[in-house]
Amino acid sequence: MVAERKGIRAPGLHLPGVIIAGTFHLDGEQVFWDVRNPAKAIVIQLADERYTRLVIQVDDPRAAVALIEGAIAAS
């Protein structure tokens with residue numbers, strides 16, 4: 001996902017190798033990005049929200065995904 005085409009920034013910032021941040025429009029979807037280090041990025045798929053996906057950087061991607069999956073399973 002991080003290496004894929006981002007789409008049109010509106011508003012957003014994309015400095016390759018430095019930061020990807022803001023709203024990007026691609027194929028009729030809005031995706032929110034906040035990533036400096038692609039190795040620490042996770043993608044959260046949303047339903048019935050303004051954004052289709054959130055691509056965000058976290059300190060520990062595996063722990064963040066486990067926490068989110070645990071919360072979904074508990075709900």
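Colleague: Hi! Quick one to start: which residue in S5 stands opposite isoleucine 42?

Modeller: That's isoleucine 56 in S5. Before we go on, this is a predicted model: local features need pLDDT of at least 70 and side-chain atom pairs count only at pLDDT 80 or more, while totals for chains, interfaces and linings use all residues. Residues are numbered from 1 along each chain as its sequence is written, and side-chain values use heavy atoms, with hydrogens and water left out.

Colleague: Okay, and what does S5 mean? How many helices and strands does the chain have?

Modeller: One helix and five strands. Both are DSSP runs numbered from the N terminus: helices are H or I with at least four residues, strands are E with at least two. Starting at the N terminus, the order is β-β-β-β-β-α.

Colleague: In which order do the strands sit in the sheet?

Modeller: It's S1-S2-S3-S5-S4, an open sheet with mixed pairing. Strand S1 (8-15) and strand S4 (41-45) are the edge strands, each pairing on one side only. On average, neighbouring strands of this sheet are turned by 15 degrees against each other, direction ignored. For that angle, axes are lines fitted to C-alpha atoms (for helices over the stretch in contact), and angles run from 0 to 180 degrees between N-to-C directions.

Colleague: And what holds paired strands together in general?

Modeller: Strands of a sheet pair through backbone hydrogen bonds, either parallel or antiparallel. The rule used here is that two strands pair if DSSP finds at least two bridges between them.

Colleague: So how many bridges join S4 to S5?

Modeller: Five, and the two strands run antiparallel. S1 and strand S2 (residues 19-26) are also antiparallel, with six bridges. There, histidine 14 stands opposite isoleucine 20 in S2.

Colleague: Which strands run parallel, then?

Modeller: Strand S3 (residues 29-35) and strand S5 (residues 53-57) do, joined by four bridges. Valine 31 has arginine 53 in S5 as its bridge partner.

Colleague: Let's zoom in on isoleucine 8. Is it buried or exposed?

Modeller: Exposed, because its relative accessibility is 61%. The cut-offs are under 20% relative accessible area for buried and over 50% for exposed, with partly exposed in between (1.4 Å probe, protein chains only). Isoleucine 8 has its place in strand S1.

Colleague: What does isoleucine 8 touch?

Modeller: Leaving out residues up to four places away in sequence, it touches Thr23, Phe24 and His25. A contact means heavy atoms within 4.5 Å. Isoleucine 8 and phenylalanine 24 are 16 residues apart in sequence, yet 5.3 Å apart in space, C-alpha to C-alpha.

Colleague: Now the loop between S4 and S5. Why does threonine 52 count as buried?

Modeller: Threonine 52, which is found in that loop, counts as buried because its relative accessible area is 18%. Not counting residues up to four places away in sequence, threonine 52 touches Glu29, Gln30, Ile44, Gln45 and Leu46.

Colleague: What about aspartate 48, buried or exposed?

Modeller: Exposed, at 82% relative accessibility. Aspartate 48 is also in the loop between S4 and S5, and it has a positive phi of about 60 degrees although it is not a glycine. Most residues other than glycine have a negative phi.

Colleague: Where is aspartate 27 found?

Modeller: In the loop between S2 and S3. Aspartate 27 has a positive phi too, near 55 degrees, and it is exposed at 66%.

Colleague: Switching to the helix: where does leucine 67 lie?

Modeller: In helix H1 (residues 61-74). Leucine 67 is exposed, with a relative accessible area of 64%. Its C-alpha is 31 Å from that of alanine 10, and the two residues are 57 residues apart along the chain.

Colleague: Last topic, the whole chain. What does its C-alpha trace span?

Modeller: About 35 × 30 × 15 Å along its principal axes. The chain has 75 residues, and 28% of them count as buried. Among the contacts with a separation of 6 or more, 14% come from residues 24 or more positions apart.
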